[in-house]
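Take a look at the model below. We will start at the ligand, then work outward through the chain.

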Amino acid sequence: MDSLNVHTLERRPDLFEGLEKVHEGSFPNYVIEGDRHNAEYWDRVLRDFPSLQFVLCDERENVQASGHALPLAWDGTVENLPSGYDGALVRGFGERRHPPNTLCALAVIVAKSHRGKGLSSRAVSAMKQLAQEHGFSRLIAPVRPNRKSLYPLTPMERYIRWRQEDGAPFDPWLRVHWKLGAQFLKVASNSMEVRGSVADWEKWTGMRFPESGEYVVPGALTPVAINREKDEGIYLDPNVWMAYRL
Ligand SMILES: CC(C)(COP(=O)(O)OP(=O)(O)OC[C@H]1O[C@@H](n2cnc3c(N)ncnc32)[C@H](O)[C@@H]1OP(=O)(O)O)[C@@H](O)C(=O)NCCC(=O)NCCS
């Protein structure tokens, strides 16, 4: 594997364009457009905390992966975890009753052309190192298991117990964190809330929803609830809280 350099957006704002290219098509568009917390806060994550947003670049400065995180206050108990991704954004940008002591991962994205080469663990390791350099005692992550969309009818509580023969988690992305020493804390059932009209959902998924009910849609980890009478579709993206001690 090429040698890779880690650059933060604070030091290298010129790499922003490369970062945006890595993001293209990496998540279902309904997650990007239909989660109001994401829509409200994402630009601020990049703008307010550039020293915690980073890219992995090859020697020719091609961006191959990016990592994103924000600081928040957490007392170390499962009960005090934010509800999930949305809750982390709200806590990170909300009223600061306690000083931030924890770095919360929001995303790690590997460019489509560079997936399957082990870059994801290098990105997580870079994030751990950044967290340490900034003096955080913990790194937590609302992890979005990347194979779960193939099993949308299996409850997350059961899915996370699936193992390979060697005892490691079945899900590749959960496995990356587990191998790097993260501990499972709990399932975040409502990590991201995505709402849209029926027309929005038809545009986002390329499907038709002729009647109210639950639908399996591409990229979703659980079914989407469509209510034609209310002209609304609601999707709750379930994630898994994991934590690293630094
Ligand atoms: C999830 C993601 C970061 C993983 O990065 P990656 O470069 O594809 O994965 P890696 O090469 O680092 O491999 C990680 C594990 O996944 C496995 N893996 C990689 N590609 C795979 C594939 N196509 N099918 C099954 N497993 C695969 C690897 O074998 C490895 O597990 P192992 O070493 O324990 O066997 C990447 O796919 C991605 O950016 N996805 C879109 C954004 C996203 O979902 N990010 C995570 C949520 S924030």
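**Around the ligand**

An N or O atom in the side chain of Lys-179 sits 2.6 Å from an oxygen atom of the ligand. On its own, the ligand has 920 Å² of accessible area, and the protein covers 72% of that. Keep in mind that this is a predicted model.

Backbone atoms also take part. A polar backbone atom of Gly-116 lies 3.2 Å from an oxygen atom of the ligand. For Leu-119, a backbone N or O atom is 3.4 Å from a ligand oxygen.

Now widen the view. How many residues surround the ligand? There are 19. Val-110, Gly-118, Ser-120, Arg-175 and Lys-179 are the closest. By character, the shell splits into nine nonpolar, five polar and five charged residues.

Which elements supply these residues? Strand E4, helix H5 (119-133) and helix H7 (172-179) each give at least two. H7 gives the most, with five residues.

**Along strand E4**

Follow E4 next. This strand spans residues 102-110, and Val-108 is part of it. Is Val-108 buried or exposed? Val-108 counts as buried because its relative accessibility is 19%, and the cut-off for buried is under 20%.

What does Val-108 touch, leaving aside residues up to four places away in sequence? Its contacts are Ser-66, Gly-67, Ser-120, Ala-123, Val-124, Met-127 and Trp-173. One of them, Ser-120, is also among the residues closest to the ligand. Asp-171 makes a useful reference point. Asp-171 and Val-108 are 63 residues apart along the chain, and 16 Å separates their C-alpha atoms.

**A mostly covered helix**

Helix H4 runs over residues 85-93. Seven of its nine residues are buried, so the helix is mostly covered. Which ones are they? The buried residues are Tyr-85, Asp-86, Gly-87, Ala-88, Leu-89, Gly-92 and Phe-93.

What do they pack against? Helix H3 (36-48) is one partner. The others are strands: E3 (63-72), E4, E5 (138-143), E6 (183-196) and E9 (232-245). E4 thus appears twice in this tour, packing against H4 and supplying residues to the ligand shell.

**The wider domain**

Finally, step back. The unreviewed UniProt entry places the feature "domain: N-acetyltransferase" at residues 39-246. Over that stretch the chain is 26% helix and 31% strand. The C-alpha atoms at its two ends are 31 Å apart.

Methods:
Residues are numbered from 1 along each chain as its sequence is written. This is a predicted model: local features need pLDDT of at least 70, side-chain atom pairs count only at pLDDT 80 or more; totals for chains, interfaces and linings use all residues. Side-chain values use heavy atoms; hydrogens and water are left out. UniProt positions are given in the numbering used here, feature names are shortened, and annotations may be inferred rather than shown by experiment. Helices (H or I, at least four residues) and strands (E, at least two) are DSSP runs, numbered from the N terminus. Buried means under 20% relative accessible area, exposed over 50%, partly exposed in between (1.4 Å probe, protein chains only). Contact means heavy atoms within 4.5 Å. A residue is near a molecule or strand if one of its heavy atoms lies within 4 Å of it. A polar contact is a pair of N or O atoms within 3.5 Å; within protein, one must be able to donate a hydrogen and the other to accept it, and residues adjacent in sequence count only if both atoms are side-chain atoms. Accessible areas come from the Shrake-Rupley method with a 1.4 Å probe; for residues, only the protein chains shown count as cover. Ala, Val, Leu, Ile, Met, Phe, Trp, Tyr, Cys and Pro count as nonpolar, Asp, Glu, Lys and Arg as charged, and the others, Gly among them, as polar.
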